[in-house]
Amino acid sequence: MEVHTRHTPAFGVARVRLQPGEAVQALADTMLASSFGVVEAQPARGGSRAASKSAYSVFTAPAEGGWIDLAPQSSGDVYALELDGSHGWCVAKDAFFARPSTVRRDDGWHGLQTLFGGDSGFLEHYSGTGPLVLACAGPVDALTLERGELVTITPGFVVAYLDTVQCRLRALDPSGPQSVRTGEGLALDFAGPGQVFVRARKG
């Protein structure tokens with residue numbers, strides 16, 4: 001699977017090139033166009049017909065391979081994060097856009113359990129190899145932290161960070177409202193080495 005982006009950072013589109021029989025999972029209702037023969041399927045979620053529609057679609061290339069153009073439902077940047085298998089990435093839940101089967105979402109990853117406790121929080125962990133496609137409201141900036149370098153970021157601006165980066169979640173005002181599901185009233189302290197990707201605009 002190869003990913004090429006265009007019209008970034010304001011109106012990003014990702015063109016995903018698939019090998020014969022290769023599949024990509026993406027947010028539902030984001031297919032702009034595809035080469036002929038690409039098949040879309042939505043995994044069943046159980047329950048009533050109205051509730052069974054998945055939030056994701058799986059697009060599979062025919063025997064000769066193909067491509068698909070994916071466009072987020074909102075304007076903003078599209079960024080392909082290349083995973084090499086050596087380390088995983090923590091990603092904002094609302095930033096996930098598409099992934100191949102070689103990239104997996106690690107539910108219950110210990111680092112996020114340490115950060116959020118029993119709550120799932122506003123981050124997910126991904127590992128494996130291949131391009132993990134992200135989408136967000138504003139241009140993506142990469143902050144490269146040296147060993148021991150510290151930075152504080154408002155949670156709503158975090159897109160992703162390498163899991164070699166140490167992270168601490170704290171309340172801005174212990175007496176104010178806080179939410180680990182949205183990041184409201186919280187701050188994230190990061191310590192290098194590693195990269196942190198941020199969005200220049202909130203969604």
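This is a short walk through a predicted model, with a suggestion at each stop for what to select next.

**Stop 1: an open sheet**

Start by showing the strands as a cartoon and select E1, E2, E7 and E4. These 4 strands form an open sheet in the order E1-E2-E7-E4, with antiparallel pairing. At the edges are strand E1 (2-6) and E4, each of which pairs on one side only. Direction ignored, neighbouring strands of this sheet are turned by 20° against each other on average. As general background, strands of a sheet pair through backbone hydrogen bonds, and the pairing can be parallel or antiparallel.

Now zoom in on E4 and E7. These two strands run antiparallel and are joined by 3 bridges. Select Ala-33 and look across to E7: the residue opposite is Asp-69. Keep Asp-69 selected for the next stop.

**Stop 2: Asp-69 and Arg-15**

Which residue forms a salt bridge with Asp-69? Show side chains and you will find Arg-15, with the closest N and O atoms 2.7 Å apart. Asp-69 lies in strand E7 (residues 66-70) and Arg-15 in strand E2 (residues 13-18), so this salt bridge ties together parts that are 54 residues apart in sequence. Is Asp-69 buried or exposed? Asp-69 counts as buried, at 2% relative accessibility, while Arg-15 is partly exposed, with a relative accessible area of 21%.

Stay with Arg-15 and add Trp-67 to the selection. The charged end of Arg-15 sits over the ring of Trp-67, 3.8 Å from the ring's centre.

**Stop 3: a loop residue beside Asp-69**

Next, select Thr-30. You will find Thr-30 in the loop between strand E3 (23-27) and strand E4 (31-34). Thr-30 counts as buried because its relative accessibility is 3%, below the 20% cut-off for that label. Which residues does Thr-30 touch, leaving aside those up to four places away in sequence? The contacts are Asp-69, Leu-70, Ala-71, Gln-73 and Phe-97. Asp-69 from the previous stop is thus one of the residues that Thr-30 touches.

**Stop 4: more salt bridges**

How many salt bridges does the structure hold? There are 8. In general, side chains of opposite charge can pair when their charged atoms come close.

For another example, select Arg-199 and Asp-94. Their side chains meet in a salt bridge, 3.1 Å from N to O. Arg-199 lies in strand E18 (residues 194-199) and Asp-94 in the loop between strand E9 (89-92) and E10, so the pair ties together parts 105 residues apart in sequence. If you turn on a surface, compare the two partners: Arg-199 is buried, with a relative accessible area of 4%, whereas Asp-94 counts as exposed at 56% relative accessibility.

Then move to Glu-124 and Arg-105, whose salt bridge has its closest N and O atoms 3.5 Å apart. This pair links distant parts of the chain, with Glu-124 in strand E12 (residues 123-136) and Arg-105 in strand E11 (residues 103-105), 19 residues apart. Glu-124 is buried, with a relative accessible area of 13%, and Arg-105 is partly exposed, at 35%.

Before leaving the charged residues, add Arg-6 to Arg-15 and Asp-69: salt bridges that share partners join these three residues into one network.

**Stop 5: aromatic rings**

Finally, show the aromatic side chains. Across the whole structure, a search finds 6 aromatic pairs. One of them is Tyr-56 with Phe-96, an edge-to-face pair at 5.7 Å centre to centre and 75° between the planes. Tyr-56 lies in strand E6 (residues 56-60) and Phe-96 in strand E10 (residues 96-100), so the rings tie together parts that are 40 residues apart in sequence. Tyr-56 is partly exposed, with a relative accessible area of 24%; Phe-96 counts as buried at 3% relative accessibility.

Select Tyr-161 and Phe-190 for another edge-to-face pair, with 4.9 Å centre to centre and 65° between the planes. Here Tyr-161 belongs to strand E15 (residues 158-162) and Phe-190 to strand E17 (residues 186-191), 29 residues apart. Tyr-161 counts as buried at 4% relative accessibility, and Phe-190 counts as buried at 1%.

For a last view, return to Tyr-56 and Phe-96 and add Tyr-126: ring pairs link these three residues into a cluster.

Terms used
Residues are numbered from 1 along each chain as its sequence is written. This is a predicted model: local features need pLDDT of at least 70, side-chain atom pairs count only at pLDDT 80 or more; totals for chains, interfaces and linings use all residues. Side-chain values use heavy atoms; hydrogens and water are left out. Rings of Phe, Tyr and Trp (its six-membered ring) pair if their centres lie within 6.5 Å; planes under 30 degrees apart count as stacked, over 60 as edge-to-face and the rest as tilted. Buried means under 20% relative accessible area, exposed over 50%, partly exposed in between (1.4 Å probe, protein chains only). A charge sits over a ring if NZ of Lys or CZ of Arg is within 6 Å of the ring centre and within 35 degrees of the ring normal. Contact means heavy atoms within 4.5 Å. A salt bridge is a side-chain nitrogen of Lys or Arg within 4 Å of a carboxyl oxygen of Asp or Glu. Two strands pair if DSSP finds at least two bridges between them. Axes are lines fitted to C-alpha atoms, for helices over the stretch in contact, and angles run from 0 to 180 degrees between N-to-C directions.
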